[in-house]
Amino acid sequence: MGGRNDFSSGTTAFGNINTSPSSTDTFYGALKHVAEGLIQRYPTNLIVFLTPPHGSSTAVPEYLPNPVTGRVYSEYIAAIKEVASLYSIPVCDLWNIAGIQPLLKVHKNLYFTGENGVPDGLHPNQAGHSRLASRIVGFLNTL
């Protein structure tokens, strides 16, 4: 599960599905590099990708584009799913199934705690982790 830091603070080019796995200086290339590396290292093991859940802070809301790539957070999620599909890797799509949306004040207060205990919309608290865990376990039980 990754992509949030690439979106919020990343200065890496985005790339596309045709980007080479050796182009690790792009988001797509790095994803493909990770996928191929895992498959090479663990060819008989089950490999899964997880999309991150929604995450939106005051400083970097998920609906505003990254200033370098011009992409919004949901496009990073789509890239993860597209690369996983290319390699036939199952995806636990927490973006769509976590059931938490920090843009809603009630969810931000219930499921996210940042520094000094102030809800930040990015870092799940114990209740947020519990909710994510139940979704991940449910997904894994389908495999």
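Here is a short chat about the cores and pockets of this predicted model.

Colleague: Which helix gives the most to the largest nonpolar core?

Modeller: That core has 18 residues, and Phe27, Phe49, Val83 and Ile89 are those with the most contacts inside it. Helix H2 (27-41) and helix H3 (73-86) each supply at least two of its residues. The one that gives the most, with seven residues, is H3.

Colleague: Leaving aside neighbours within four places in sequence, which residues is Val83 in contact with?

Modeller: Contact here means heavy atoms within 4.5 Å. With neighbours within four places in sequence left out, the list for Val83 is Ile17, Tyr28, Leu31, Lys32, Ala35 and Phe49.

Colleague: How many residues does the second, separate core have?

Modeller: Leu94, Tyr111, Leu132 and Phe139 are among its members. The full count for this separate core is nine residues.

Colleague: What about the largest pocket: which helix gives the most to its lining?

Modeller: The lining has 16 residues, with Arg4, Pro52, Tyr73, Leu122 and Pro124 nearest the centre, and the space inside is about 280 Å³. Helix H1 (4-8) and helix H6 (126-140) each supply at least two lining residues. The one giving the most, with three residues, is H1.

Colleague: And how many nonpolar residues are in the lining of the second largest pocket?

Modeller: This pocket has a volume of about 170 Å³, and Met1, Gly2, Leu31, Val34 and Phe49 lie nearest its centre. H2 gives the most to the lining, with five residues. By class, the lining has two polar residues and one charged, and the nonpolar count is 11.

Methods: Residues are numbered from 1 along each chain as its sequence is written. This is a predicted model: local features need pLDDT of at least 70, side-chain atom pairs count only at pLDDT 80 or more; totals for chains, interfaces and linings use all residues. Side-chain values use heavy atoms; hydrogens and water are left out. A nonpolar core is a set of buried Ala, Val, Leu, Ile, Met, Phe, Trp, Tyr and Cys residues joined through side-chain atoms within 4.5 Å. Buried means under 20% relative accessible area, exposed over 50%, partly exposed in between (1.4 Å probe, protein chains only). Helices (H or I, at least four residues) and strands (E, at least two) are DSSP runs, numbered from the N terminus. On a 1 Å grid over the protein atoms alone, a cavity is a set of points where a 1.4 Å probe fits but cannot get out, and a pocket is an open set with protein on both sides within 12 Å along at least five of seven lines; lining residues have an atom within 4 Å of a point. Grid points are joined across faces, edges and corners, and a volume is the space filled by probe spheres set on the points. Ala, Val, Leu, Ile, Met, Phe, Trp, Tyr, Cys and Pro count as nonpolar, Asp, Glu, Lys and Arg as charged, and the others, Gly among them, as polar.
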